[in-house]
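Reader: I am new to this structure. Please take me closely through one part of it, the surroundings of the ligand, and show me how that part sits in the whole.

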Amino acid sequence: MSRRTAGPRPPAEGGAHVEVLGLTAGYGRTRVLDGVRLSVGPGGWLAVIGPNGSGKSTLLRSVLGFHPHQGQVRIDGVPTTGMPRRDRARSMAYAPQTPVLPEGVTTREYVTLGRTPHRPLLSAPRSVDRQVVADVMERLGLAPMAERQLATLSGGEQQRAVLARALAQQPRVLLLDEPTAALDLGHAQQVLDLVDRLRRQDGLTVVSTLHDLTLAGQYADRLALLSEGRVVAEGSPADVLTAEALSTHYGARARVVDGPSGPAVLPVRSPD
Ligand SMILES: Nc1ncnc2c1ncn2[C@@H]1O[C@H](COP(=O)(O)OP(=O)(O)OP(=O)(O)O)[C@@H](O)[C@H]1O
């Protein structure tokens, strides 16, 4: 993976302020999110953590407008309800946890789909589109497999391609659902480092879910702990990642120690 510091051109307007106000959502009659309230400013990184089934993915999909919900999502104070799809796609990009990947496309063609909201409809990629795609693929170590069929990439390579497509969109807000789930430690750090650089340099706003709580605490500046559809704790990683919270909400035995760049969560084996 490249260590270049030059990279994808910054989003045109920097990051945005995202507000989630009283968001309630569910499936059929089952309520999964209950009055969720969150706020993250330009350049902020909010990691939504919580046990399996607590509603993290549903929250991200609701923020994107992909899942019906009550309550309001605002981008820079403007409610997203009624916002034209193309405007929404220019503001927010999403890397889903389990993406549906198209068949019969190369990695480059797939990443180029991220440019769709910026191009005239049905037009060929312009040189700026090709440049942004090439930059993002280089940054994510995908350049050597640019012409390979997407389907032939390994799980971790496909996950990086999904992130590359989202970054090629040059969004103001990046929503990442478990972006490191299929990645080895080195690639996980490189992906998170890249996102971190984009938010620091360009003010990109990041909302992610992350199961690895140590990584969440190292990269995000704020954590929101979701449990049974409600935000039960929100604040700095040190405030939210406590042994007591992990026991109460995850049923986990763990020690939380001071790591070199934030709290580190150490699982503790059962005594018997
Ligand atoms: N399409 C669906 N139909 C019915 N229930 C669903 C559907 N999708 C999700 N759920 C349920 O909604 C709840 C929240 O799911 P969600 O995927 O948002 O949780 P999560 O916190 O992202 O979980 P995980 O950490 O396991 O990815 C779960 O109980 C899940 O079973």
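Author: Start with the whole chain. Among contacts between residues at least 6 apart in sequence, 68% join residues at least 24 apart. Keep in mind that this is a predicted model. The protein chain holds 9 helices and 12 strands. Of its 272 residues, 40% are buried.

Next, the overall dimensions. The C-alpha trace spans about 60 × 40 × 35 Å along its principal axes. A compact globule of 272 residues would have a radius of gyration near 19 Å, and the protein chain has 19 Å, so the two agree.

Now the ligand. Two of the residues around the ligand are Tyr27 and Val32. Gly50 is also there, and so are Asn52, Gly53, Ser54 and Gly55. Lys56, Ser57 and Thr58 complete the list. By type, this shell divides into 2 nonpolar, 7 polar and 1 charged.

Which element gives the most to the shell? Helix H1 does, with 3 residues. This helix runs over residues 56-63.

Last, the record. An unreviewed UniProt entry carries the annotation "domain: ABC transporter" for residues 18-253. In the model, that span is 36% helix and 25% strand. Its end C-alpha atoms lie 34 Å apart.

To return to your part: the shell around the ligand includes Lys56, Ser57 and Thr58, and helix H1 is its main contributor.

Key:
Residues numbered from 1 in each chain as written. Predicted model: local features only at pLDDT ≥ 70, side-chain atom pairs only at ≥ 80, totals over all residues. Near = placed C-beta within 6 Å. Helix = DSSP H or I, 4+ residues; strand = E, 2+ residues; numbered from the N terminus. Nonpolar A, V, L, I, M, F, W, Y, C, P; charged D, E, K, R; others polar. Rg over C-alpha atoms; globule rule 2.2 N^0.38 Å. Buried ≥ 20, exposed ≤ 12 C-beta atoms within 10 Å, placed from the backbone. Contact = placed C-beta atoms within 7 Å. UniProt positions renumbered as here; feature names shortened; annotations may be inferred.
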